[in-house]
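Student: I would like to learn how to read a few features of a model such as this one. Could we go through them one at a time?

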Amino acid sequence: MRVFNVFIQEEKVLSDFDIFAVVGANKPLQLVDSRVSVKEDGVVVIRFEGVNGSPVVSGIGIRRAPNVSVPKLVVEHFKCNNCDAEIEVPSAQMKLMQTKSTAKYEKKIQELTTQCQLKTKECYEAWMSLTAANEELDKVMMDLDNVTFRTLSQ
């Protein structure tokens, strides 16, 4: 029902993101090791941009990363053929990925996307059927009230 983009410090962190598709209903999403630079004034700006529906956030927790000296990794970007998302991958892992075919993963993504679309359509149709049934029930109840009123008025 809600798909959105998340920007932190004006950098797009999540694109066309659907939390329900990732964690399901009533469960928190935990982004671990998502690192952003904080401005000198200590302010972190988080912006949500609705793609489908309006983003709703119930809470956000932010922790300061421990100061550790980590060797600088060379990072390359891998682009998904299905959703055009760019994924950061360390160069050593990128070389390994380039040697393996990603076709089986892309096929699985396509299958899951199709299943998701079918389930979405099924849910929408069920909702519309329920709405129509409720409207019909309201009409029957109104007719019953009218008959009852007429009977008691005589």
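Student: Is Lys119 buried or exposed, and what is its relative accessible area?

Tutor: Buried means under 20% relative accessible area, exposed over 50%, and partly exposed in between, with a 1.4 Å probe and protein chains only. Lys119 is exposed, because its relative accessible area is 52%. This is a predicted model, in which local features need pLDDT of at least 70 and side-chain atom pairs count only at pLDDT 80 or more, while totals for chains, interfaces and linings use all residues. Residues are numbered from 1 along each chain as its sequence is written, and side-chain values use heavy atoms, with hydrogens and water left out.

Student: With which residue does Glu122 form a salt bridge?

Tutor: Side chains of opposite charge can pair when their charged atoms come close. The rule used here asks for a side-chain nitrogen of Lys or Arg within 4 Å of a carboxyl oxygen of Asp or Glu, and by it the count comes to 2 salt bridges. In one of them Glu122 pairs with Lys119, with the closest N and O atoms 3.9 Å apart; both residues lie in helix 3, 3 residues apart, about one turn of the helix. Helices (H or I, at least four residues) and strands (E, at least two) are DSSP runs, numbered from the N terminus. Glu122 is partly exposed, at 48% relative accessibility.

Student: Which residue pairs with Arg47, and how far apart are the closest N and O atoms?

Tutor: Arg47 forms a salt bridge with Glu49, and the closest N and O atoms are 3.5 Å apart. Arg47 counts as partly exposed at 32% relative accessibility, and Glu49 counts as partly exposed at 31%.

Student: Why is there no bond between the sulfurs of Cys116 and Cys123?

Tutor: A disulfide is a pair of cysteine sulfur atoms within 2.5 Å. The closest cysteine sulfur to that of Cys116 is in Cys123, and the distance of 9.3 Å is too far for a bond. By this rule the count comes to 0 disulfides. Cys116 is partly exposed at 41% relative accessibility, whereas Cys123 is exposed, with a relative accessible area of 55%.

Student: What is the phi of Asn26, and where does this residue lie?

Tutor: Most residues other than glycine have a negative phi. Asn26 is not a glycine, yet has a positive phi of about 55°. Asn26 is placed in the loop between helix 1 (19–23) and strand 3 (46–52), and is exposed, with a relative accessible area of 82%.
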